[in-house]
Number of protein chains: 2
Amino acid sequence: VNEFALIGRHFQRAPRSAAVRVGIGDDGAVISPVPGAEWVVSVDMLVEGRHFFAGTDARRLGHKTLAVNLSDLAAMGAAPRFALLAGALPDADDEWLAAFMQGFRALADRFGVELIGGDTTRGPRNLCVTIVGELPAGTALTRGGAQSGDDVYVSGVLGDAALALAMLQGRTSLAPDAASVAQLRLEAPVPRVTLGVALRGVATAALDLSDGLTGDLGHLLTDSGVGAVIDVGVIPCSPALAGKLAGDERALALACLLAGGDDYELCFTAAPALRERIAAIAASLQIPLTRIGGVGPGAGLTVRDEGGTPISLLPAAFDHFA
Amino acid sequence: VNEFALIGRHFQRAPRSAAVRVGIGDDGAVISPVPGAEWVVSVDMLVEGRHFFAGTDARRLGHKTLAVNLSDLAAMGAAPRFALLAGALPDADDEWLAAFMQGFRALADRFGVELIGGDTTRGPRNLCVTIVGELPAGTALTRGGAQSGDDVYVSGVLGDAALALAMLQGRTSLAPDAASVAQLRLEAPVPRVTLGVALRGVATAALDLSDGLTGDLGHLLTDSGVGAVIDVGVIPCSPALAGKLAGDERALALACLLAGGDDYELCFTAAPALRERIAAIAASLQIPLTRIGGVGPGAGLTVRDEGGTPISLLPAAFDHFA
């Protein structure tokens, strides 16, 4: 199979958006900005054996590869526009690539993402997506705006992706239904794109939880120059994880909840005056938004257990080079 | 070594350009377009063992990783602005990364490229750069504009990168001086950034020669719906390659010249009325520009040998999946 044929079959489509002056198939794509808008750009690389297991369902992997990038845009409050996909594949497996692109395309179409560039090569399986989003100038949600007195929120439930990983690694077991739910969270996360856009002008700071709550929230606090206190007892989690948290596997469950990566929920801060507005956003988007603590003037993150006692040794955050 | 420490040390710098509202260190970079400009975006992935040998000098590899992307911008006529670098590394080798970033930075600084995003992970060595360039709206050089009657040009000399590769693979030998020159062409190509910008409004079509002259020019002709005739006798090459072309190693030399990848010279078409203007560009930029043939109304590419006879079987173009 010829590389160009592969690219042509799976990547190339006529440009759909007027903003794309030149699409896939030239040396670069040409995109035209909307007046008054800014672009948000981010890149994420997924490596087989590190971010996903060899043999992971190709369609789900295509979904996840784009999802983790959309999650970055969501964390900035940007609306997704364009993606570029570079991939190294161990062989020219047409069936695998077709399934991968099916998953990728389905998510792209749902959120209006246009694929404008690509590169394929042979090599150990590695997928690298660059995502481009758009927002009105000056409205980006950064990590640096949290204020003392703000509430701390998370979307959805946390820890299931890490729980699924622990299960797949044989470190814990789950009932069939809970296993399916958790594995879907790991392999097919839903990026909080609509939430990110809705939080413009509402959140003072935001990021997505890709490396675990305590580590990621720690970055937000550092960048904002503030501290925070959060309570384990109110961090939303699945019934399966809640069960383990209350039982023999508490250490593992706590690690999943506080330091589990791959959840791709949003964590954000907002002024207490906006609690009703945030509840309205949660209701309208049908995404649970839970207040898990508050920002204070100090530095660092304090995590209190269900009894209100600070946990002295927090589980380590996910680190690619650890 | 912690991933975030690695990123911080080698990637992070305060944003330099006013166009960068948020730089490295958040979920995404925020960039602000200049009114009337369009962005050109491209991605290229380099895999160890495929695009470069294991053990390649890290500084040169950092240079080349950016250079191949700048070459794509040059082929579109865009001025480089921003880069995002994602890399998988087999280990947290701080010395290697420092050298790599030295090479990357030196080239970035020369052409005014600001690094606005990054991702590092552990895995088989793989470097993926996304490049963002800028040009006045509507001035992009595409592959689709060549007209019957146009001249066909290439910049610089062709084939030395492939010749160096053949030497490193033990398929040919070179005298020490020629070996150094060729190896530099392979490992530290100079992207034709200034030439690309100068060709706006001059070239009717352009691309960069990453996969070999005949294959790449073939894409340009297909996209433009025209044919072309070029002459081997006038394709510029180094004295070392010229010597082999006239001797026992003609087949290898011809393959390097016509189908050798990695030269990163530009190939472009332009109206004959602009010959003087193109000569002036060559003189002012001190980049050789050679007319190697002409565009005709037919389809496909005819390559004539030194005696004017069409070569019936052209060397195969570089194909990652071959």
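1. A good place to start in this predicted model is Ala29(A), whose bridge partner in β3(B) is Val41(B). The strand of chain A involved here is β2 (residues 29-31), which joins β3(B) through 3 bridges, the two running antiparallel.

2. Now step back to the whole contact between the chains. Chain B contributes 64 residues to it and chain A contributes 63 residues. About 5,000 Å² is buried between the two chains, with carbon and sulfur atoms giving 59% of that area.

3. What about specific pairings across the interface? There are 6 salt bridges between chain B and chain A. One of them links Arg143(B) with Asp26(A), where the closest N and O atoms are 3.6 Å apart. In addition, 17 residue pairs are in polar contact across the interface, both residues of each pair being at pLDDT 80 or more.

4. Which strand gives the most to the side of chain B that touches chain A? That is strand β3 (residues 37-47) of chain B, with 10 residues. On this side of chain B, the residues divide into 31 nonpolar, 17 polar and 16 charged.

5. Next, have a look at a sheet with strands from both chains. Its 6 strands form an open sheet of mixed pairing, in the order β5(A)-β4(A)-β6(A)-β3(A)-β2(B)-β1(B). At the edges stand β5 (114-122) of chain A and β1 (20-22) of chain B; each has a single partner strand, so one side of each is left without a neighbour in the sheet. Neighbouring strands are turned by 20° against each other on average, direction ignored.

6. At the chain B end of that order, β1(B) and strand β2 (residues 29-31) of chain B run antiparallel and are joined by 2 bridges. Val20(B) stands opposite Ile31(B) in β2(B).

7. Two helices of chain A lie across strands of this sheet. Helix α2 (residues 58-76) lies across β3 (37-47), β4 (79-89) and β6 (126-136) of chain A together with β1 and β2 of chain B, and runs at about 35° to β6(A). Helix α3 (residues 94-110) lies across β4, β5 and β6 of chain A, at about 165° to β4(A).

8. Finally, chain B has an open sheet of 6 strands, β8-β10-β7-β11-β9-β12, again with mixed pairing. Its edge strands are β8 (203-208) and β12 (300-304), each pairing on one side only. Within it, β7 (residues 151-155) and β11 (residues 289-296) pair in the antiparallel sense over 5 bridges, and Val154(B) stands opposite Thr290(B) in β11(B). Helix α10 (residues 275-285) of chain B packs on the sheet, touching β7, β10 (266-270) and β11 of chain B, with its direction at about 150° to that of β11(B).

Key:
Residues are numbered from 1 along each chain as its sequence is written. Chains are lettered from A and ligands numbered from 1 in the order in which they are written. This is a predicted model: local features need pLDDT of at least 70, side-chain atom pairs count only at pLDDT 80 or more; totals for chains, interfaces and linings use all residues. Side-chain values use heavy atoms; hydrogens and water are left out. Contact means heavy atoms within 4.5 Å. Buried area is the accessible area (1.4 Å probe) that two parts lose on being put together, summed over both. A salt bridge is a side-chain nitrogen of Lys or Arg within 4 Å of a carboxyl oxygen of Asp or Glu. A polar contact is a pair of N or O atoms within 3.5 Å; within protein, one must be able to donate a hydrogen and the other to accept it, and residues adjacent in sequence count only if both atoms are side-chain atoms. Helices (H or I, at least four residues) and strands (E, at least two) are DSSP runs, numbered from the N terminus. Ala, Val, Leu, Ile, Met, Phe, Trp, Tyr, Cys and Pro count as nonpolar, Asp, Glu, Lys and Arg as charged, and the others, Gly among them, as polar. Two strands pair if DSSP finds at least two bridges between them. Axes are lines fitted to C-alpha atoms, for helices over the stretch in contact, and angles run from 0 to 180 degrees between N-to-C directions.
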